[in-house]
Amino acid sequence: MAGAVSSKGCQKIKGSQIRDLLNAKRFVLFDCDGVIWNGETAVPGAPEVVSLLKQQGKGVFFVTNNCTRPRETYVQKFSRLGFADVAQEEIFSSAYCSAVYLRDVAKVQGKVFVIGGNGVYKELRDAGVPFVEEETDVSGESIYDCPLDSEVKAVLVGYDEKFNFLKLAKACCYLRNADCLFLATDPDPWHPLRGGRVTPGSGSLTAALETATERKATVIGKPSRFMFECIANQFGVDPALALMIGDRLETDILFGANCGLDTMLTLTGVSQMDEAEGYKDSDALEKKNFVPDYVVDSIADFLEAQEED
C-alpha cells in the first residue's frame with residue numbers, strides 16, 4: 001500500500017495512524033448496520049465522519065447486504081439519523097445490485113420469482129426487471145395444485161419475513177429447470193436484534209433452497225465482488241485507493257479482501273477483536289481473508305485523528 005501506515009493484519013490503529021491511512025485513500029466504503037448505525041440509532045460521531053470525508057473530497061459509498069428497503073428509503077433513514085447530503089447513487093444495497101445483475105449481466109429474458117420483501121420488489125421494478133407479483137395467501141393452496149408461471153427464468157432469494165413452505169416448494173419447482181438462474185441477495189446467516197434476539201438472514205433461506213434443489217446460488221452481495229464492480233464501473237474507483245470499513249469479518253472484511261481493498265474492522269457491531277485474532281492465528285489459509293488490515297473501536301476515532309496535531 002502506498003501510505004504511511006503499513007498493513008500487518010489486525011493492527012489496532014489510532015490518532016496519526018488513522019490520519020495517514022485516510023490521507024492515502026481517495027475512496028471509503030462503509031457497511032451500514034453496526035458501522036454507522038445500530039437499528040435506529042446512529043453510531044456516535046458517524047454523521048460527522050461522513051461529512052468530514054466528503055469535505056476532504058473523498059468518494060464515500062455505502063454497501064449493505066440489507067435488502068429489506070429500497071435505496072430511496074435508505075436516503076430517508078440517513079437523513080432521519082442526521083447524515084447530511086447522502087445521495088441515492090452512493091448507496092449500493094444487495095437488492096439494488098441484484099436488480100442490476102439481472103438486467104445488465106444475466107439479461108434475463110423472462111420473469112423473476114422472488115423470495116424476499118418490498119425492498120427487492122421495488123428495486124426490480126425500478127430496474128425494469130419483470131417478476132412474479134407477490135401473491136396473497138390463499139387458504140388451502142398447496143404445491144400440489146397451485147399455479148406456476150411458465151415465464152419464470154430466475155429465482156432470487158432475499159430476506160423474507162413471510163417465508164413459508166409454499167414459497168420454498170415453488171422455487172424448487174422453478175429450479176428443476178437447469179436454465180433457470182438461482183441468485184441470492186446475500187449470504188448473511190442471521191442478524192442481531194434488540195434484547196439479545198436474532199432473526200434468520202437471507203443465507204439461511206438460501207441454504208434451505210440449496211439443500212432442496214442440490215444447486216448452489218450465485219451470491220450478489222458481500223462478500224461477492226459484484227457489489228464493488230457496480231461501484232467501480234459507475235465511479236471509476238481504483239481498489240488500491242479504497243478502504244472498506246465493516247463490522248462483520250465473514251462478509252465485510254472478506255468482501256474487501258476479495259476486491260483488493262484495504263480493510264478495517266470497527267468494533268461497534270457483530271465481530272470483535274478476539275475473533276479477528278483467532279482468524280489471524282489460524283492455520284487454515286481460507287480464513288486469512290477474514291483478517292482485517294486495521295481495527296478501530298469506532299469510526300468516531302476518525303474525528304479524534306483529525307483533531308490531533
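In this predicted model, Asp160 is buried, with a relative accessibility of 9%. The residue sits in the loop that links strand E8 (152–157) to helix H6 (165–174). Two polar partners of its side chain can be picked out. One is the backbone nitrogen of Gly116, reached at 3.1 Å; the other is the side chain of Lys167, with a polar contact of 2.7 Å. Beyond its neighbours within four places in sequence, Asp160 touches Ile115, Gly116, Lys167 and Leu205.

The strand that leads into this loop belongs to a sheet worth following next. E8 is part of an open sheet of four strands, arranged in the order E7-E8-E9-E12 with parallel pairing. Strand E7 (111–115) and strand E12 (218–219) form the edges; each has a single partner strand, so one side of each lacks a neighbour in the sheet. At the E12 end, strand E9 (residues 181–184) pairs with E12 in the parallel sense through two bridges, and Leu183 is found opposite Thr218 of E12. Helix H6, for its part, lies across E7 and E8 and runs at about 145 degrees to E7.

Strand E5 (residues 59–64) offers a second view of parallel pairing. This strand is mostly covered, with six of its six residues buried. In a regular strand, side chains alternate between the two faces of the sheet. In E5, Gly59, Phe61 and Val63 point one way while Val60, Phe62 and Thr64 point the other, and all are buried. Strand E2 (residues 27–30) pairs with E5 in the parallel sense over four bridges, and Phe27 stands opposite Gly59 of E5. Strand E6 (residues 91–93) also runs parallel to E5, joined by three bridges, and Ser93 of E6 is the bridge partner of Thr64. Between E5 and E6 the chain passes through helix H3 (residues 71–80), making a right-handed β-α-β crossover.

Both E2 and E5 also help to cover helix H9 (residues 249–258). Seven of the ten residues of H9 are buried, so that the helix is mostly covered. These buried residues are Leu249, Thr251, Asp252, Ile253, Leu254, Phe255 and Gly256. Alongside the two strands, their cover includes helix H8 (226–235), strand E13 (242–246), strand E14 (262–266) and helix H10 (273–281). Just after H9, Gly260 adopts a positive phi of about 75 degrees.

A word on the cysteines rounds off the picture. A disulfide is a covalent bond between the sulfur atoms of two cysteines, and the structure holds zero disulfides. Cys10 takes part in none, as the nearest cysteine sulfur, that of Cys259, is 20 Å away. Cys10 is nevertheless buried, at a relative accessible area of 8%. For Cys230, the closest cysteine sulfur is that of Cys97, 3.9 Å away, which is too far for a bond, given that a disulfide calls for sulfur atoms within 2.5 Å. Cys230 is likewise buried, with a relative accessibility of 6%.

How values were computed. Residues numbered from 1 in each chain as written. Predicted model: local features only at pLDDT ≥ 70, side-chain atom pairs only at ≥ 80, totals over all residues. Heavy atoms only, no water. Buried < 20%, exposed > 50% of the residue type's maximum accessible area, 1.4 Å probe, protein only. Pairing = 2+ DSSP bridges. Right-handed = clockwise from strand over helix to strand, strands pointing away. Polar contact = N/O pair within 3.5 Å; in protein donor to acceptor, adjacent residues only side chain to side chain. Contact = heavy atoms within 4.5 Å. Axes fitted to C-alpha atoms, helices over the stretch in contact; angles between N-to-C directions.
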